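Student: I'd like to learn how to read a model like this one, feature by feature. Can we go through it together?
Tutor: Sure, let's put it on the screen and begin.

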Amino acid sequence: MGIVKAQDLGSTAREADPPPPGAVRIGSGAGFAGDRLDPALELAQLGHLDFLVFELLGERTVANAQKARLNDPSVGYDPTLLDRIRLTAPHCSANGTRIITNGGAANPLAAGRAVAALIDDMGVDMPVAVVTGDEVLDQVLATNPLTWEDSQPAASSEPRLASANAYLGASGIRRALDEGAHIVITGRVADPSLYVGPLSHSFSWSDEDTDLIGQATVIGHLLECGGQVTGGYFADPTTKPVAGLDRLGFPYADVSRNGDAVIGKLAGTGGAVTVRTCTEQLLYEVADPGAYITPDVVADFNGTVLREDGTDRIAVTGGKGDAAPVDLKVTLGYLGGWEAEGQITYAGPRAMLRAQLAADIVVRRLERIHGYEESELSVEFIGAGASFRGLSEVTDPPEVRLRVAGAAQSRRRASAIGAEVEALYTNGPAGGGGARTFVRESLSVKSCSLPRALTKVSVIHADELIDHEEMSDDREV
């Protein structure tokens, strides 16, 4: 397969002007694991980027990746990572663009080996480096801190603590870039740190200059969710219309040495970059704008100013920060038991009444035959206000989808939930259809804090990845 161009996928994006003299242009190639691929191709080919960032992790994402790795040591990195590299690396190599990604997920070493082999096969010259140190299961088991959610010891016996990943900061990324890497792959790194790393590398910013690191964190937070700052997740057909969401362009930022930035997107792509889209993203998942805690800095967004600087261009200034926290956040993954569900749809007259009857049948049978307590089961009527958890209810909807879910210690017992729902086809109310069932090993996620001093960040380059199956570089950042 040859080099894919944006035009091959029907893109109408137009080439950007180069960044202003002295500015660094950094683009968002993904905002989550399931994000689209074509907007990153547009940026790689037409954006005149210095850096392209793929942010691919959520809290449950990395825990699920750890679960996959337990079953197969060769996996555990983001399954879309190679596709993203295959699509963008030829353009990035030609344009002098470096790639940074946390797509290593639970297995950044395996991801590094796979990416190094891929670009070698493609004939692309982009040195690869991997940042490790986020896996802290041994440290958590040794110190047994209390979890944030319930103040219980993290290393409880049931369910089994299977993984622990600390949110690392930008230091490993910066070092990998300093040492010449053109593709940097990490595991769990705080989302804004994916941007702080290349910016602090480019401008030689010190970690002690907390206002610059705070402003870089503002920029990273604006870009980290990809299309959300260009109108995705923001859009509403009536109150906040956004044109061209089917061809939504992803954002980039032109950043000056003093930290001032302009957020933009490629002309010819869908979406919009406005003060409103940027304001919503700035406050997204932020509890306290004056103290947004990251591994690099406690950022202060209160003085941030967003100002129009032309069509689809927003100037960003005023971010500040205080010293980085002593402790790091850790995502804990627990395995134990099985979870299952069954769904079936009822439509037409008395759909709600039939769905309620079906639910009663399933619950009674799960109690009598399979030993469930009603409190162990979750029953929802999708389409009749289920999302509002009883605060709003539609009394006579034309269509209802019944969902029954629950958990059990054995797969066999958990499977009974879906089996009883599926049996409604011929043993329940009239007109049931579209039944679906699934069973999966239960995975729960909690958080705790861990002293930064207990973590050790290492950078492993491609030659070490190929020669050694296990990490052999003990150098600290």
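Student: Which residues lie nearest the centre of the largest pocket, and how many residues line it?
Tutor: Keep in mind that this is a predicted model. As for the general idea, rolling a probe the size of a water molecule over the atoms shows where empty space is left. Here the largest pocket is lined by 39 residues, and Tyr 167, Asp 191, Glu 224, Glu 285 and Tyr 292 are the ones nearest its centre. The space in that pocket comes to about 970 Å³.

Student: What classes of residue make up the lining of the largest pocket?
Tutor: The lining splits into 20 nonpolar, 11 charged and eight polar residues.

Student: And which element gives the largest share of that lining?
Tutor: That's strand S14, with three residues. Helix H2 (59–71), strand S9 (292–293) and S14 (327–347) each put at least two residues into the lining.

Student: Let's turn to helices. How many residues of helix H1 are buried?
Tutor: The general idea first: an α-helix has 3.6 residues a turn, so residues three or four places apart point the same way. In this model, H1 spans residues 38–46, and eight of its nine residues are buried, so call it mostly covered. The buried ones are Pro 39, Ala 40, Leu 41, Glu 42, Leu 43, Ala 44, Gln 45 and Leu 46.

Student: What do the buried residues of H1 pack against?
Tutor: They pack against three strands and a helix: S1 (24–30), S2 (51–54) and S7 (251–255), plus helix H3 (81–95).

Student: Which residue with a positive phi follows H1?
Tutor: Backbone angles have a simple background: most residues other than glycine have a negative phi, and most peptide bonds are trans. His 48 follows H1 and has a positive phi, near 55 degrees. His 48 sits in the loop between H1 and S2, and at 31% relative accessibility it counts as partly exposed.

Student: Where does Arg 350 lie, and is Arg 350 buried or exposed?
Tutor: Arg 350 is in the loop between S14 and helix H10 (351–370). With 55% relative accessibility, Arg 350 counts as exposed. Its phi is near 60 degrees, again a positive value in a residue other than glycine.

Student: Now the rings. How many aromatic pairs are counted?
Tutor: A pair of aromatic rings is described by the distance of the centres and the angle of the planes. In this structure the count comes to three aromatic pairs. Take Tyr 233 and Tyr 284: their ring centres are 5.8 Å apart and their planes are at 75 degrees, so this pair is edge-to-face. The pair links distant parts of the chain, 51 residues apart: Tyr 233 is in the loop between helix H8 (210–223) and S7, and Tyr 284 is in the loop between helix H9 (275–282) and S9.

Student: Why is Tyr 233 called exposed, and why is Tyr 284 called partly exposed?
Tutor: Tyr 233 is exposed because its relative accessible area is 68%, and the cut-off for that is over 50%. Tyr 284 is partly exposed because its value is 22%.

Student: What kind of pair do Tyr 292 and Phe 301 make?
Tutor: Their ring centres are 5.1 Å apart and their planes are at 40 degrees, so that pair is tilted. Tyr 292 and Phe 301 are both buried. You've met Tyr 292 already, among the residues nearest the centre of the largest pocket.

Student: Which charged residue lies over the face of Phe 234, and which over the face of Tyr 372?
Tutor: For Phe 234 it's Lys 240, at 4.4 Å from the ring centre. For Tyr 372 it's Arg 413, at 4.0 Å from the ring centre.

Student: One more kind of feature: contacts across the sequence. What does Ile 3 touch, not counting residues up to four places away in sequence?
Tutor: With those set aside, Ile 3 touches Asp 8, Pro 90 and His 91. Ile 3 is in the segment before S1. Its C-alpha is 9.4 Å from that of Ala 89, with their places 86 residues apart in sequence.

Student: How far apart are the C-alpha atoms of Ile 460 and Thr 132?
Tutor: They are separated by 7.9 Å, though the two residues are 328 residues apart along the chain. Ile 460 lies in strand S18 (residues 458–461) and is buried, with a relative accessible area of 3%.

Definitions and conventions: Residues numbered from 1 in each chain as written. Predicted model: local features only at pLDDT ≥ 70, side-chain atom pairs only at ≥ 80, totals over all residues. Heavy atoms only, no water. Buried < 20%, exposed > 50% of the residue type's maximum accessible area, 1.4 Å probe, protein only. Helix = DSSP H or I, 4+ residues; strand = E, 2+ residues; numbered from the N terminus. Contact = heavy atoms within 4.5 Å. 1 Å grid on protein atoms, 1.4 Å probe; cavity = no way out; pocket = protein on both sides within 12 Å on 5 of 7 lines; lining within 4 Å. Points joined across faces, edges and corners; volume = space filled by probe spheres on them. Nonpolar A, V, L, I, M, F, W, Y, C, P; charged D, E, K, R; others polar. Phe/Tyr/Trp six-rings, centres within 6.5 Å; stacked < 30°, edge-to-face > 60°. Lys NZ or Arg CZ within 6 Å of the ring centre and 35° of its normal.
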